[in-house]
Amino acid sequence: MRVPDSLTVVSNRQPYRHEYDTEAETNGNAETEPDAETGADTAAISVDEPTGGLTAGLDPVLQETSGTWIAWGDGDADFDVTDARDCVGVPPEEECYTLRRIDLSDDAVDAYYRGFSNRVLWPLCHGFAELVEERDDDFEWYRTVNATFADAVAEHASSDSVVWLQDYHFALAPRMIRESIPSSATVAQFWHIPWPSPATFEYCPEGKQVLEGLLGNDLLGFHVERYADAFLDCVRRYLPDAAVDRERRTVHYKGHTTRAVGTPMGVDADSYDQRARTADADRLHALFERYDIPQNVTLGLGVDRLDYTKGIPERLTALERFFEGNPGWRGEFTFVQKATPSRTEIPAYARHGDLVRSEVDRINRRFGTDDWQPIVYTEDILPADDLCALYRHADLLIVSSLCDGMNLVAQEYVAASVDGDGTLLLSDRTGAHERLSENAISINPTAVEEFADRIEDALTLSPQDRARRMDALRKTIFENDIDSWMETQFEWLSRVHDGHWTAPNSQSGTDDAESGANSESDSDSGSHERTSLV
């Protein structure tokens with residue numbers, strides 16, 4: 001993997017978090033904070049370390065490069081272990097690179113994170129323009145926080161730096177950074193959620209400033225090429241002075257060129273495979289006992305944040321229709337829905353959670369018996385080993401997102417399906433569908449009758465067909481894992497940094513003008529978005 005010599009990562013989430021743990025004994029994962037007057041150790045400080053996903057993937061890269069990671073410090077002991085510049089060496093036991101923490105007030109977090117990021121950009125990019133909530137001062141706080149991160153980058157960047165921003169929390173920062181660091185440095189960003197059509201983007205407050213901010217990047221990455229093309233379409237419509245080359249996916253604006261690319265993200269497949277293989281029968285039996293799941297039922301599974309984009313109510317409706325039309329499966333098939341509450345301070349999320357819970361209760365009252373419930377619903381935090389045990393045992397996993405940048409749960413399930421006998425039902429509105437659709441069972445999450453039929457199809461596949469599909473899916477997931485994605489990202493970053501615009505030799509990054517512009521997925525890039533009610 002070709003990694004930049006000088007790398008600065010910018011993200012909302014930090015790789016290490018320091019928390020006070022007054023009951024914990026000091027051990028290998030804890031530090032102590034001395035009293036300011038006596039110097040005595042008054043409390044143990046525990047350190048939460050990265051456990052998966054992009055954070056865990058980037059951590060060893062930063063260790064290798066002795067780079068800098070700039071993030072919001074949200075742990076209660078975070079700033080008691082930093083120096084005068086709000087920096088701390090990490091990992092705690094080795095201190096291979098610098099973690100620069102940004103201290104945000106409660107007002108800043110509410111407006112920047114819960115406000116413009118998740119009341120405006122999140123619903124907008126997922127096609128829910130009717131849920132965009134514009135509050136006073138949210139955008140100004142968003143601008144202020146982006147400027148704070150940009151200032152921190154400027155303090156650490158050199159003429160040879162590669163600055164890599166993560167996600168939609170920093171739409172304004174790239175141009176701020178571009179204007180404050182040497183022109184020879186490279187600024188890039190990966191946008192981990194979808195990008196909307198121009199018709200939907202019209203509802204973005206301060207949309208022109210968002211586009212101008214993102215065009216401060218030298219490289220702007222998306223999960224799939226149709227998102228990159230949608231971004232270019234928005235630039236063309238709302239920034240008429242920009243020169244858009246759709247074939248090369250470049251934009252020239254105010255003397256600067258930005259390239260948009262599509263590179264689908266993978267998961268740490270080996271890790272999920274290994275955890276699933278070590279999940280013993282006792283662990284699974286304990287889970288079934290805890291949630292009153294009959295031991296010999298066919299098991300369906302859903303694993304989602306409790307987010308309105310994930311299509312959980314639509315999934316429940318399809319399951320209800322399935323049990324209506326297939327009474328023979330009552331008592332024989334149980335669907336486990338693991339939901340993780342998220343952003344509950346935002347009214348749209350609170351309402352959504354109430355809806356999901358009430359629908360589960362209603363369906364269970366309709367079909368349930370004294371010794372069987374059709375839907376087992378939990379919001380419990382499950383350890384990774386428990387989750388992998390469920391992945392391995394589940395006969396099918398349903399991903400019914402209404403819109404999803406990629407969806408890593410689908411890939412985690414495949415990686416953990418070590419027995420090769422599971423089936424993936426995958427929404428055609430996910431980025432993952434473009435990679436996995438050939439061997440998954442595709443679903444339209446809003447077509448209830450068809451969705452219910454696909455559940456029946458999955459449950460009645462022959463063992464040979466299940467094995468064939470899962471074998472092909474696993475090959476795809478392992479060949480395109482998180483390491484492969486990281487390698488592609490750094491190859492792109494290095495080429496752009498060196499002034500070479502040709503694409504890396506990779507399946508997930510292409511410079512072929514026909515690969516996205518004339519594909520079927522590109523032609524209907526806006527077809528799944530909701531009608532705006534604003």
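Salt bridges number 40 in this structure, which is a predicted model. One of them, between Asp404 and Lys310, has its closest N and O atoms 3.0 Å apart, and it ties together parts that are 94 residues apart in sequence, since Asp404 lies in the loop between β17 (396-399) and α13 while Lys310 lies in the loop between β14 (298-305) and α10 (312-325).

**Salt bridges**

- Both partners of the pair formed by Asp404 and Lys310 are buried.
- Arg468 and Asp465 meet through their side chains in a salt bridge of 2.7 Å, N to O; the two residues are 3 apart in helix α16 (residues 463-479), and are therefore separated by about one helical turn.
- Arg468 has a relative accessibility of 46% and so counts as partly exposed.
- Glu320, Arg321, Glu324, Glu359, Arg362, Arg366 and Glu449 are joined into one network by salt bridges that share partners.
- A salt bridge also links the side chains of Arg17 and Glu19, at 3.9 Å from N to O, and Arg17 is partly exposed, with a relative accessible area of 22%.

**Helix α13**

- Helix α13 (residues 409-416) is largely enclosed by the rest of the structure, because 8 of its 8 residues are buried.
- The buried residues of α13 include Val409, Tyr413 and Val414, together with Gln411 and Glu412.

**Negative surface patch**

- Glu134, Asp136, Asp137 and Glu206 form a negative patch on the surface.
- Within this patch, Asp136 sits in the loop between α2 (106-125) and α3 (138-156), and its relative accessibility of 73% is why Asp136 counts as exposed, the cut-off being over 50%.

Terms used:
Residues are numbered from 1 along each chain as its sequence is written. This is a predicted model: local features need pLDDT of at least 70, side-chain atom pairs count only at pLDDT 80 or more; totals for chains, interfaces and linings use all residues. Side-chain values use heavy atoms; hydrogens and water are left out. Buried means under 20% relative accessible area, exposed over 50%, partly exposed in between (1.4 Å probe, protein chains only). Helices (H or I, at least four residues) and strands (E, at least two) are DSSP runs, numbered from the N terminus. Patches are made of residues with over 30% relative accessible area and no salt bridge: like charges are joined within 9 Å, nonpolar side chains (Val, Leu, Ile, Met, Phe, Trp, Tyr) within 5 Å. Accessible areas come from the Shrake-Rupley method with a 1.4 Å probe; for residues, only the protein chains shown count as cover. A salt bridge is a side-chain nitrogen of Lys or Arg within 4 Å of a carboxyl oxygen of Asp or Glu. Lys and Arg count as positive and Asp and Glu as negative; His and the chain ends are not counted. The place of a charge is taken as NZ of Lys, CZ of Arg, CG of Asp or CD of Glu.
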